[in-house]
Structure formats: structure tokens, C-alpha cells
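Here's a walk through this chain, starting with how its helices pack and ending with a few backbone oddities. Keep the 3D view open as you read.

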Amino acid sequence: MNSHEARRDVDRQARLAADVIAHRSGVDCHDVVLTLGSGWREGAASLGETVTAIPATEIPGFSGAAIPGHSGLLHSIRLKGGAHALVIGARAHLYEGRGVNAVAHGMRTAAATGVRTAVLTNGAGGIDPAFAVGDAVLISDHMNMTAASPLIGSDFVDLTDLYSARLRALAKRVVPGLQEGVYVQLPGPHFETPAEIRALSMLGGQLVGMSTVLEAITARSLGIEVLGISLVTNAAAGLSGPIDHLEVLAEGSAASTRLSHTLKRLVDSLPL
Ligand code: HPA
């Protein structure tokens, strides 16, 4: 398959998925997509009125929840002002081994449903000592350390202002005191070594995780404006004790009520 055919193939998959979402929800056009990472998932319910919740396995190209804590559902939610949000509770991670197309499929589908704004959330290790565990931190920029791109063929997309300055300014207005940081995506699923964290710190990395970056690139390539936000679930390797995935999840749960409020304020402030 050449790159034109490959691109047509992923676009066709996204169109199929978007048609199923439109059919099942009765909503022809969604305005904003949210992917909810560790700590952020409970936020979906409070965003507005759930129109429909569809098991990911019933939508072409999506798989069920691969890791604990993911709902495995896609929600269509009617927001306060009447706009519609698509909430993806079945994020595909690169470390699952299904390839970059599976990772990008959520954003491609969102674009095919009409989405123009993405809110990408995650749980991340804090590299910058200014960030405490439990802090929500806006993503100001990223470093892609996955050695992968979700783009196909000669799709030379500018990422200069990938994390929208306009949306970050809005976010800081509604959530005063929000800090910002540079997020680094590694492929995982292992956590980093202390030496890697020291290196990332010297390079300017402030947050580290295993998601978001490839989704953000996909979104930008499709003309979607991106807001990214991390929950600091742990101090990155070597900065505190050992990192335990269960503790990462526990920190996410502990912060979830607070994050739900933060997420709702952010989404309500979006110019949809
Ligand atoms: N490293 C990578 N991914 C993560 C971390 C981390 O420390 N915490 C949560 N996701």
C-alpha cells in the first residue's frame, strides 16, 4: 500500500466510526473531543447530559479498555451551552502494540464527527520539582520521544504552536494559578530510569508520560485546536521513591473529584 492508499484507508476507517457514532447518538456534529487519562475519567459524567454511551468494541477501529481504569466507552455528551462533546474512554496507547494508526484513530474519528477542539488529558510523572503530586499542569509544548509519527506520507505539519496559546490563556483565566510545562512522551510501558529523567530534565522536559503527543500531532494535522493538561501522579524516577503503577492510579483517584471540577470549568470556558 502506498502512502496515498494508506491515508485513504485510515480516513475511511474514521468515517465508518464517525457514522456509527452519529447513528447511535443521533448527533450529526460533535464540537469538542476529550480523551481522559489517569485521574480525569470521572470528569466525563459531570460535563453535561449524556446522550449516549457506546462500547468502543462496537465502533470500527476502536478496542475495549486495555488497561484498568479506562471505561472502554465513548460518550456523546450535550454541554451546557448546547454544544456536543465526544468523550473517548478507550484511549489506545502505543505500548499496546497496535501501531500508530490505532493511537491516531480517536482524533481522526473526532475530526470526522466535526470536532474542532480537543482536550487531551493524562497522568504524568513530574520532572520539574516545581510540580507537586496532585497538581494539574497545562501542557505548553511537547517532546516526542517515541520515534514514531501518526502522520502518513509527506504530511509536513507545523507544530510551532501545537498547544493553543489562546486556549491556555482561557484555561488560566478560569483556573487561576495553573502552571504550564513541557510534556515528554516515551513509548513505555516501562517507567523511566533516573538517568533518563536527568537527561530529559536537562533537555527541558518537565512532565513525562506515555500518551497525548501522538494524539496532539494527529489533531493538529486535521485542523483541531489542542488543549493539553496533565495530572502529576508521581514524582518522576529518581526524584522520590520507586514508581508503582497502582500508586499512580491511586493518586488519580484521590484527585478525581477536584479534577472533575477543573475539567468542567475548562470545558465550559471553551469557545465552541
Ligand atoms: N513516567 C511515565 N509515564 C507516567 C508516569 C511516569 O513517571 N507517571 C504516570 N505516567
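Let's start with a helix pair: α1 (residues 3–25) packs against α2 (residues 99–112) at an angle of about 55 degrees, and their axes are 8 Å apart. That makes α1 oblique to α2. A word on caveats: this is a predicted model, where local features need pLDDT of at least 70, side-chain atom pairs count only at pLDDT 80 or more, and totals for chains, interfaces and linings use all residues. Residues are numbered from 1 along each chain as its sequence is written, and side-chain values use heavy atoms, with hydrogens and water left out.

Some vocabulary for the helix pairs. Axes are lines fitted to C-alpha atoms, for helices over the stretch in contact, with angles running from 0 to 180 degrees between N-to-C directions. Under 35 degrees counts as roughly parallel, over 145 as roughly antiparallel, 65 to 115 as roughly perpendicular, and the rest as oblique. Helices (H or I, at least four residues) and strands (E, at least two) are DSSP runs numbered from the N terminus.

**Helix against helix**

The α1 and α2 crossing is right-handed, as it is called when the near helix is turned clockwise from the far one by less than a right angle (anticlockwise would be left-handed). On the α1 side, the residues that meet α2 are Val10, Gln13, Ala14, Arg15, Ala17, Ala18 and Ile21; on the α2 side they are Asn101, His105, Arg108, Thr109 and Ala112. Sorted by class, this contact has six nonpolar, four polar and two charged residues. Here Ala, Val, Leu, Ile, Met, Phe, Trp, Tyr, Cys and Pro count as nonpolar, Asp, Glu, Lys and Arg as charged, and the others, Gly among them, as polar. Contact means heavy atoms within 4.5 Å.

Helix α2 also packs on α5, at an angle of about 50 degrees with the axes 9 Å apart. That makes α2 oblique to α5, and their crossing is right-handed. From α2, Val100, Val103, Ala104, Met107 and Arg108 meet Leu214, Glu215, Thr218 and Ala219 of α5. The class split for this contact is six nonpolar, one polar and two charged residues.

Then there's α3 (residues 165–174) with α6 (residues 245–269): their axes come within 9 Å and cross at roughly 125 degrees. That makes α3 oblique to α6, and this crossing is right-handed. Leu170, Ala171 and Val174 of α3 meet Arg265, Leu266 and Ser269 of α6, giving four nonpolar, one polar and one charged residues.

**The chain as a whole**

How many helices and strands does the chain have? There are six helices and nine strands. With a radius of gyration of 17 Å, close to the 19 Å that the globule rule gives for 272 residues, the chain is as compact as a globular protein of that length. (That radius is taken over C-alpha atoms, and the rule is 2.2 Å times the number of residues to the power 0.38.) The C-alpha trace spans about 50 × 45 × 35 Å along its principal axes.

Of the 272 residues, 51% count as buried, meaning under 20% relative accessible area; exposed is over 50% and partly exposed is in between (1.4 Å probe, protein chains only). Among contacts between residues at least 6 apart in sequence, 81% join residues at least 24 apart.

**Four residues to click on**

| Residue | Location | Relative accessible area |
|---|---|---|
| Leu227 | strand β9 (residues 225–235) | 2%, buried |
| Thr218 | helix α5 (residues 213–221) | 1%, buried |
| Ala147 | loop between β6 (136–144) and α3 | 84%, exposed |
| Thr212 | loop between β8 (207–209) and α5 | 1%, buried |

Leaving out residues up to four places away in sequence, Leu227 touches Ala118, Val119, Leu120, Leu138, Leu167, Arg168, Ala171 and Leu266. Its C-alpha is 10 Å from that of Asp141, 86 residues apart along the chain.

Thr218, with the same kind of neighbours set aside (within four places), is in contact with Ala104, Met107, Arg108, Pro150 and Leu151. The C-alpha atoms of Thr218 and Val103 are 9.2 Å apart, though 115 residues separate them along the chain.

**Backbone oddities**

Ala147 has a phi near 60 degrees, a positive value in a residue other than glycine. Thr212 also has a positive phi, near 75 degrees. Finally, where is the cis peptide bond? It joins Gly188 and Pro189, with omega about 0 degrees, and Pro189 sits in the loop between β7 (179–185) and α4 (194–203).
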